[in-house]
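Let's take a walk through this model, going from place to place and looking at what sits around each stop. Keep the viewer open as you read.

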Amino acid sequence: MTAIALTLGWIAGAVAGTVSGRVETPVREVVTDSRSMAAGDVFVALRGPRFDGHTFAAEALALGAAGVVIEQAWADAHPEAVRDGGVIGVADTLTALQDLAHAVRQAAGTKVVAITGSAGKTTTKESIAALLATRFQVVKNKGNLNNHIGLPLSLLQLTSGPDVAVMELGMNHAGEIGALVRIAEPDIRVWTNVGDAHVGFFASVDAIADAKAEILEGARPGDVLVCAADDARVMARVRGFSGRKVTFGESPAADVRASDVRDLGWDGMRARVDTPAGGFDLATPLLGRGNLANVLAATAVALECGISLEAIEATAATLQPADRRGVVRHLKDAITLIDDSYNSSPSALRLALEVMAGETRAAGRVAVLGEMLELGDHAVGLHRECGRAAAAAGLRLLVTVGGDAARALADAAIAAGMPDASVRHHASSADAAADVSRSLRAGDLVLVKGSRGTRCDVVSDRLLQERG
């Protein structure tokens with residue numbers, strides 16, 4: 001792989017920009033937030049709905065930036081703001097950032113793995129990165145930088161010349177995955193599943209599947225697609241893929257197949273995994289069948305990259321969830337918290353409730369469920385379905401957080417048989433946290449899950465503070 005020494009001239013050439021200043025000026029990093037900038041960085045002035053990075057261009061130069069990437073029209077209108085320093089003028093700064101990332105991706109020669117799916121992208125990314133790191137130098141998305149701005153910033157890590165980059169691709173509208181694929185040009189594409197996350201922006205779940213299918217675009221004959229054998233919507237759309245397909249799942253036809261699956265509750269999952277390279281007994285602390293599928297996808301990618309079955313088996317046993325994505329915390333009074341407060345969708349919530357229902361060691365089961373956002377006209381109906389699933393999970397207490405949709409979840413749980421006294425609704429996470437804190441009993445298993453907008457992390461944090 002090739003390390004790239006960025007200069008103002010290299011960047012200007014990659015983005016078809018006009019450079020003023022010394023073209024040989026070395027560049028440390030490329031940033032879009034002037035607050036995180038250090039001397040020697042290049043600042044890209046992006047425009048957003050609530051800010052305009054151009055207003056910080058002069059400040060960036062004063063702080064020692066090697067240069068700024070700004071719209072040429074703005075530079076012409078404000079010559080006094082950028083006369084002291086390196087300036088790369090472009091027609092559009094967002095396009096320039098994306099073109100720069102694409103140019104770095106092509107020049108580095110790094111193998112790129114790209115992941116899409118309605119749920120489990122981050123866990124799959126982290127699992128793939130962990131398996132590949134047993135043999136290769138690996139970079140991955142920083143945090144949740146997976147959109148039209150975050151992916152280019154993540155790809156700029158390829159200037160260090162890593163062997164592999166593992167990138168998740170996020171979207172909530174049609175056309176977005178296709179744009180990210182054109183920037184990343186992945187060698188291995190991973191499609192984990194199709195679910196109901198963001199269905200409020202689409203006519204149906206099938207429309208979501210069509211948008212996710214953009215991961216297939218622009219494939220070369222040597223590219224590989226790792227896809228979910230158990231997901232009918234995925235499999236219906238991958239038939240025309242130009243490269244080679246590798247499937248994973250519990251289906252007998254899957255190339256990487258799990259059988260003899262055992263749910264160990266808060267201790268994770270076990271399964272027999274058979275692959276074209278042989279089989280092994282998988283044990284992972286990641287919770288539930290959804291995460292089992294994520295590990296199977298990671299196994300398929302690892303095998304494609306030459307990782308041994310022995311290394312996969314050993315590393316899978318050490319995998320840990322990302323922060324607030326199914327993290328298990330054992331608290332005082334034998335209370336166990338599953339902190340899954342980072343985000344939620346109906347399909348992901350149902351899987352989490354399956355884990356709750358299967359855990360027999362808990363004295364009682366408590367679920368704190370925040371409203372799931374971006375569901376549009378489907379919101380109330382999907383929340384009601386989840387309310388019925390909550391009732392079937394054998395909960396001692398259900399606490400919902402949010403607006404009318406969350407209240408519909410609570411009402412559906414009561415209609416499905418939960419006693420009125422065992423179901424409570426709160427408009428805010430702070431009120432829910434206080435209620436849950438008062439209501440816990442020794443030996444309870446507590447699931448906290450909700451969309452980020454409902455701030456269910458407040459509930460988890462209070463429990464950790466009081467009982468951690």
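**A walk through the model**

Arg-455 sits in the loop that runs between strand E20 (444-449) and H16. Bear in mind from here on that we are looking at a predicted model. The backbone at Arg-455 deserves a glance: phi is near 55°, a positive value, and the residue is not a glycine. Most residues other than glycine have a negative phi. With a relative accessible area of 42%, Arg-455 falls between the cut-offs of 20% and 50%, so it counts as partly exposed.

Move along into helix H16, which covers residues 457-467, and you come to Ser-460. Is Ser-460 buried or exposed? Its relative accessibility is 0%, so Ser-460 counts as buried. Leaving out neighbours within four places in sequence, the contacts of Ser-460 are Arg-324, Leu-337, Asp-339, Ser-341 and Val-448.

Next, have a look at His-330, which belongs to strand E15 (residues 327-330). His-330 has a relative accessibility of 54%, and because the cut-off for exposed is over 50%, it counts as exposed. Exposed or not, His-330 has company: setting aside residues up to four places away in sequence, it touches Trp-266, Ile-335 and Thr-336. With Thr-336 there is a polar contact, side chain to side chain, at 3.1 Å. Trp-266 is 64 residues away from His-330 in sequence, yet the C-alpha to C-alpha distance is 9.8 Å.

Now for the nonpolar interior. The largest nonpolar core has 84 residues, and Val-30 and Leu-398 are the ones that touch the most other members. What does Leu-398 contact, once its neighbours within four places in sequence are left aside? The list runs through Ala-367, Leu-369, Ala-390, Leu-409, Ala-410, Ala-413, Met-418, Ser-422, Val-423 and Arg-424. There is also a second core, separate from that one, with 38 residues; Val-246, Ala-271, Leu-296 and Ala-302 are among them.

Val-30 turns up again when we go looking for pockets. The second largest pocket has a volume of about 310 Å³. Its lining is made up of 14 residues, and those nearest the centre are Glu-29, Val-30, Lys-142, Leu-153 and Leu-156. By type, the lining is a mix of six nonpolar, four polar and four charged residues.

From Leu-156 in that lining, we can step to Thr-159. The side chain of Thr-159 reaches the backbone oxygen of Leu-156, at 3.0 Å. Thr-159 itself is in the loop between helix H6 (150-155) and strand E8 (164-168). Apart from neighbours within four places in sequence, Thr-159 is in contact with Ala-3, Ile-4, Leu-6 and Val-104.

Val-112 is our next stop, in strand E6 (residues 111-116). Its relative accessible area is 0%, which means that Val-112 is buried. Ignoring residues up to four places away in sequence, Val-112 touches Arg-105, Leu-158, Ala-165, Ala-184, Glu-185, Pro-186, Asp-187 and Ile-188. For a sense of scale, take Asp-411: it is 299 residues from Val-112 along the chain, and their C-alpha atoms are 46 Å apart.

One of those contacts, Glu-185, has a backbone angle to check. Glu-185 has a positive phi of about 45°, although it is not a glycine. Where does Glu-185 lie? It is found in the loop between helix H7 (176-184) and strand E9 (188-191). Its relative accessible area of 23% is over the 20% limit for buried and under the 50% limit for exposed, so Glu-185 is partly exposed.

Two exposed residues round off the walk. Asp-84, in the loop between helix H3 (72-77) and strand E5 (87-90), is exposed because its relative accessible area is 61%. Between the C-alpha atoms of Asp-84 and Ala-405 there are 54 Å, and the two residues are 321 apart along the chain. Ala-415 lies in helix H14 (residues 404-415). At 69% relative accessibility, Ala-415 counts as exposed too. The C-alpha atoms of Ala-415 and Ala-391 are separated by 8.9 Å, with their positions 24 residues apart along the chain.

Technical notes. Residues are numbered from 1 along each chain as its sequence is written. This is a predicted model: local features need pLDDT of at least 70, side-chain atom pairs count only at pLDDT 80 or more; totals for chains, interfaces and linings use all residues. Side-chain values use heavy atoms; hydrogens and water are left out. On a 1 Å grid over the protein atoms alone, a cavity is a set of points where a 1.4 Å probe fits but cannot get out, and a pocket is an open set with protein on both sides within 12 Å along at least five of seven lines; lining residues have an atom within 4 Å of a point. Grid points are joined across faces, edges and corners, and a volume is the space filled by probe spheres set on the points. Ala, Val, Leu, Ile, Met, Phe, Trp, Tyr, Cys and Pro count as nonpolar, Asp, Glu, Lys and Arg as charged, and the others, Gly among them, as polar. Helices (H or I, at least four residues) and strands (E, at least two) are DSSP runs, numbered from the N terminus. Buried means under 20% relative accessible area, exposed over 50%, partly exposed in between (1.4 Å probe, protein chains only). Contact means heavy atoms within 4.5 Å. A polar contact is a pair of N or O atoms within 3.5 Å; within protein, one must be able to donate a hydrogen and the other to accept it, and residues adjacent in sequence count only if both atoms are side-chain atoms. A nonpolar core is a set of buried Ala, Val, Leu, Ile, Met, Phe, Trp, Tyr and Cys residues joined through side-chain atoms within 4.5 Å.
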